[in-house]
Structures are given as C-alpha cells and as structure tokens.
Amino acid sequence: MAKTCKSAEAAALVATAALLLALGERPALAREQGTEQGRNACMPDVFRLCNAFIPNPEQIIACLQQNVSTLSPACREVMDGAAQP
C-alpha cells in the first residue's frame, strides 16, 4: 500500500512539474492563468486525457488543445486564456 501511494505521489509530482513547464512556456497563460489555481484546474484533465505525454510540456499543451471540447470548464477557461495574445 505504501509503495502504491509513493508511486502515485511521484506521478503527481512529475505531472505537476510538466504542467508548470507547459504553463510557463505560454506567455499569455503564464500571465493570465499561470497560477496555482490555473494549474489545479487542468491537472485532472492532464491525467485523464494526456497522461501519455507526461512529462513533455509541449505535448501536454497540444493534447489539451486537441481535446478542448472534452476539458473541464475550469481547464477550458485556462486554455482559452492561453490562446489570447
């Protein structure tokens, strides 16, 4: 059980780091939504839709953009903010 928890924690840390990098690479997103709240909004969607691309930030962003119609409302708002100049 403890080993499973540590694996889940490690996966969450990797995903968080990848998402932080991904958010930091988008100037509008970093300015508008690069907050902890913005990251938290998309984290479940990253795990649900883009898990295969962790830890590659570019692929995570592309995956989220390709799946915008199935994103949670909160993450869709974050991604909409990233698309604005």
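Two disulfides, each defined as a pair of cysteine sulfur atoms within 2.5 Å, are counted in the chain. The structure is a predicted model, in which local features need pLDDT of at least 70 and side-chain atom pairs count only at pLDDT 80 or more, whereas totals for chains, interfaces and linings use all residues. Residues are numbered from 1 along each chain as its sequence is written, and side-chain values use heavy atoms, with hydrogens and water left out. When bonded cysteines are counted along the chain, the connectivity follows the pattern 1-4, 2-3.

One disulfide is formed by Cys42 and Cys75, with an S to S distance of 2.1 Å. The link of Cys42 and Cys75 is right-handed, with 100° about the S-S bond. Distant parts of the chain are thereby linked: Cys42 lies in helix 3 (residues 36-49) and Cys75 in helix 5 (residues 73-83), 33 residues apart. Helices are DSSP runs of H or I with at least four residues, numbered from the N terminus. Cys42 has a relative accessible area of 1% and is buried, a term that denotes under 20% relative accessible area (1.4 Å probe, protein chains only). Cys75 is likewise buried, at 0%.

The disulfide between Cys50 and Cys63 has an S to S distance of 2.1 Å. With -90° about the S-S bond, the link of Cys50 and Cys63 is left-handed. This pair also connects distant parts of the chain, as Cys50 is located in the loop between helix 3 and helix 4 (57-66) and Cys63 in helix 4, 13 residues apart. Cys50 is buried, with a relative accessible area of 0%, and Cys63 counts as buried at 3% relative accessibility.

Definitions and conventions: Helices (H or I, at least four residues) and strands (E, at least two) are DSSP runs, numbered from the N terminus. Buried means under 20% relative accessible area, exposed over 50%, partly exposed in between (1.4 Å probe, protein chains only).
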